[in-house]
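Notebook open, structure loaded. I want to go through the empty space inside, then the core, then the cysteines, and finish with one serine.

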Amino acid sequence: MSASYTIEEHQHRLALWAAGRAGSVKGCRFKVLQAKAILEAAGFDASFSSAASLPAPAELDRTHREWRNALIRASGKKGITATHGVAAKLINCYVKVRLVCAGHHEDERVKAMHPPIDEVLLKRLAELNVGGFGKQWKKARETRWSKFTSGQYEEVIRLIRKALRDEPFWMIEEHWAGHQ
């Protein structure tokens, strides 16, 4: 056994795998090792292991946009054309595994973290007319999360914020049926 293999590295590897698998879609496919390089280039490494790794809630949207841009640039260097939707999926799945589902869910920074957006979630949000935004969820679904521009992605986040009011963002995933 290696003394340098820590729980942080262990969590990092699982989060990389989960993000890499979830973010790889038709038109933007990559191997987990490519996802690792892309995420690590944007600062998502084994040291990204506590809620303190996240910005304050008031700064999250701006920082998230910077992270997405960094991932898009890093993807381009690997010959992969990533959108804001794909970059967001990588970030949000990574953080979900590392922090949200790792016992940090009560921290204000973690509560504000964007959830992973996908077809399954958008479909269910539209069907249930969550927050009274059925038409907007349907439009976002028709656009396809993997093709989202920065503005389209941020509009979905704005709708989630309005629909949840003061609840943690991870709670929108109550409507995600991908686990079934």
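**Cavity lining.** I sorted the residues around the largest cavity by type and got 8 nonpolar, 2 polar and 2 charged. Worth jotting down straight away: this is a predicted model. I then listed who is who, and the lining consists of Asn-92, Val-95, Lys-96, Val-100, Val-110, Met-113, His-114, Pro-115, Pro-116, Phe-169, Trp-170 and Glu-173. Helix α4, residues 84–98, supplies the largest share of that lining, with 3 residues.

**Cavity size.** How many cavities of 30 Å³ or more does the structure hold? I found 1. Its volume, as that of the largest cavity, comes to about 60 Å³.

**Core.** Next I pulled up the largest nonpolar core, which has 53 residues. The ones with the most contacts inside this core are Phe-44, Leu-71, Tyr-94, Val-95, Ile-117, Trp-137 and Ile-160. I checked which elements give two or more residues to the core: α1 (7–23), α2 (32–41), α3 (57–77), α4, α6 (119–128), α7 (134–143) and α8. Helix α4 gives the most, 8 residues. So noted: Val-95 is on the list of residues with the most contacts inside the core, and Val-95 also lines the largest cavity.

**Leu-71.** I picked Leu-71 from the core list for a closer look. Leaving out residues up to four places away in sequence, I see Leu-71 touching Ile-38, Leu-39, Ala-42, Phe-44, Ala-87, Leu-90 and Ile-91. Phe-44, one of these partners, is another residue on the list of those with the most contacts in the core.

**Cysteines.** How many disulfides are there? I counted 0. Cys-28 is in none, and the nearest cysteine sulfur, on Cys-93, sits 13 Å away. Cys-93 is in no disulfide either; for Cys-93 the nearest cysteine sulfur is that of Cys-101, 10 Å away. I looked up burial for both. Cys-28 has a relative accessible area of 5%, so I log Cys-28 as buried. Cys-93 comes out at 9%, so Cys-93 is buried too.

**Ser-150.** Last entry. I located Ser-150 in helix α8, which covers residues 150–164. Is Ser-150 buried or exposed? Its relative accessible area is 16%, and buried means under 20%, so I put Ser-150 down as buried. Setting aside neighbours within four places in sequence, I find Ser-150 in contact with Arg-65, Arg-68 and His-84.

Key:
Residues numbered from 1 in each chain as written. Predicted model: local features only at pLDDT ≥ 70, side-chain atom pairs only at ≥ 80, totals over all residues. Heavy atoms only, no water. Helix = DSSP H or I, 4+ residues; strand = E, 2+ residues; numbered from the N terminus. Buried < 20%, exposed > 50% of the residue type's maximum accessible area, 1.4 Å probe, protein only. Contact = heavy atoms within 4.5 Å. 1 Å grid on protein atoms, 1.4 Å probe; cavity = no way out; pocket = protein on both sides within 12 Å on 5 of 7 lines; lining within 4 Å. Points joined across faces, edges and corners; volume = space filled by probe spheres on them. Nonpolar A, V, L, I, M, F, W, Y, C, P; charged D, E, K, R; others polar. Core = buried A, V, L, I, M, F, W, Y, C linked by side-chain atoms within 4.5 Å. Disulfide = S-S within 2.5 Å.
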